[in-house]
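Please open the structure in your viewer and keep the selection panel at hand. This tour goes from one selection to the next and says what is to be found at each stop.

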Amino acid sequence: MKHFLFYLITLTVCLPFASCNDEFVELPYAYDEISYRRGYDLDIPLDTVVYIESQAEFDQLFADEETKPEASVPFSEGVLAVVKGIANGGIVDLQKNLIQSDDGYHLSIRIQTDFTDVMEPWYVAYVIPKEYAGKVDLDIEYYLTTDYTDLNN
């Protein structure tokens, strides 16, 4: 019984210190504040991964934008990896997938477009661990929709 009480008291005292910190963020995660539906016009190169490594760089990136993303980026633990592209048609769907590889990440982006005559910009962003900055392999694929049911309306 003494041992049980000892372990119970020890557990009661130590458990609060072992609990999760509210500020802990598991990386990587999709940063959906920047997407093709938000209407940004960021001045970054097309079809390449751009790494934003500080709050100052983030603020500079959005300096000319009327609306800024609301969610903060934990720059002490990670970097924001942003990709910008331009679709040669209206975007019907955009799928993104970030997979960890041996020495970094592989980011696959698939953009489904329709036959409308527009140039539509899109963005994909992830917050990744700092040690993987510069180590994201990018694959972008565009394909036309095969659903023609709404073309006559």
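Begin by selecting Leu-46, Ile-86 and Met-119, which together make a nonpolar surface patch of about 280 Å²; keep in mind throughout that the model you are looking at is predicted. Of these residues, Ile-86 is found in strand 3, and its relative accessible area of 32% makes it partly exposed.

Stay with strand 3 and select residues 78-87, then add strand 6, residues 120-129, and you will have two strands that pair in the antiparallel sense over 10 bridges. To look at one of these pairings, pick out Ala-81, whose bridge partner in strand 6 is Tyr-126. Strands of a sheet pair through backbone hydrogen bonds, either parallel or antiparallel.

Now widen the selection to the open sheet, in which four strands are arranged in the order 1-6-3-2 with antiparallel pairing. Which strands stand at the edges? They are strand 1 (29-30) and strand 2 (49-52), and because each has a single partner strand, one side of each is left without a neighbour in the sheet.

The next stops are salt bridges, of which the count comes to three. Side chains of opposite charge can pair when their charged atoms come close.

For one of them, select Lys-84 and Asp-41, which form a salt bridge with their closest N and O atoms 3.7 Å apart. This pair links distant parts of the chain, since Lys-84 is in strand 3 while Asp-41 is in the loop between strand 1 and strand 2, 43 residues apart. Is Lys-84 buried or exposed? With a relative accessibility of 8%, Lys-84 counts as buried, because that value is under the 20% cut-off, whereas Asp-41, at 58%, is exposed.

Move on to Asp-32 and Lys-96, whose side chains meet in a salt bridge with an N to O distance of 3.1 Å. Asp-32 lies in the loop between strand 1 and strand 2 and Lys-96 lies in strand 4 (residues 91-100), so this pair ties together parts that are 64 residues apart in sequence. Both side chains belong to partly exposed residues, with relative accessible areas of 41% for Asp-32 and 32% for Lys-96.

From Lys-96, extend the selection to the whole of strand 4 and add strand 5, which runs antiparallel to strand 4 and is joined to it by nine bridges. These two strands form a hairpin with four residues between them, and within strand 5 you can find Arg-110, the bridge partner of Gln-95.

Keep Arg-110 selected and add Glu-141, because these residues form a salt bridge in which the closest N and O atoms are 3.4 Å apart. Arg-110 lies in strand 5 (residues 105-113) and Glu-141 in strand 7, so the pair ties together parts that are 31 residues apart in sequence. Arg-110, at 31% relative accessibility, counts as partly exposed, and so does Glu-141, at 34%.

Select strand 5 and strand 7 in full, and notice that this pairing is in the parallel sense, over nine bridges. One place to look is His-106, whose bridge partner in strand 7 is Asp-137.

For the last stop, keep Asp-137 and add Asp-102, Asp-103 and Asp-139, which gather with it in a patch of negative charge on the surface. Asp-139 is found in strand 7, residues 136-144, and is partly exposed, with a relative accessible area of 35%.

Notes: Residues numbered from 1 in each chain as written. Predicted model: local features only at pLDDT ≥ 70, side-chain atom pairs only at ≥ 80, totals over all residues. Heavy atoms only, no water. Patch = residues over 30% accessible without salt bridge, like charges linked within 9 Å, V, L, I, M, F, W, Y side chains within 5 Å. Areas by Shrake-Rupley, 256 points an atom, 1.4 Å probe, with all protein chains shown as cover. Salt bridge = Lys/Arg side-chain N within 4 Å of Asp/Glu carboxyl O. Lys, Arg positive; Asp, Glu negative; His and termini not counted. Charge placed at Lys NZ, Arg CZ, Asp CG, Glu CD. Buried < 20%, exposed > 50% of the residue type's maximum accessible area, 1.4 Å probe, protein only. Pairing = 2+ DSSP bridges.
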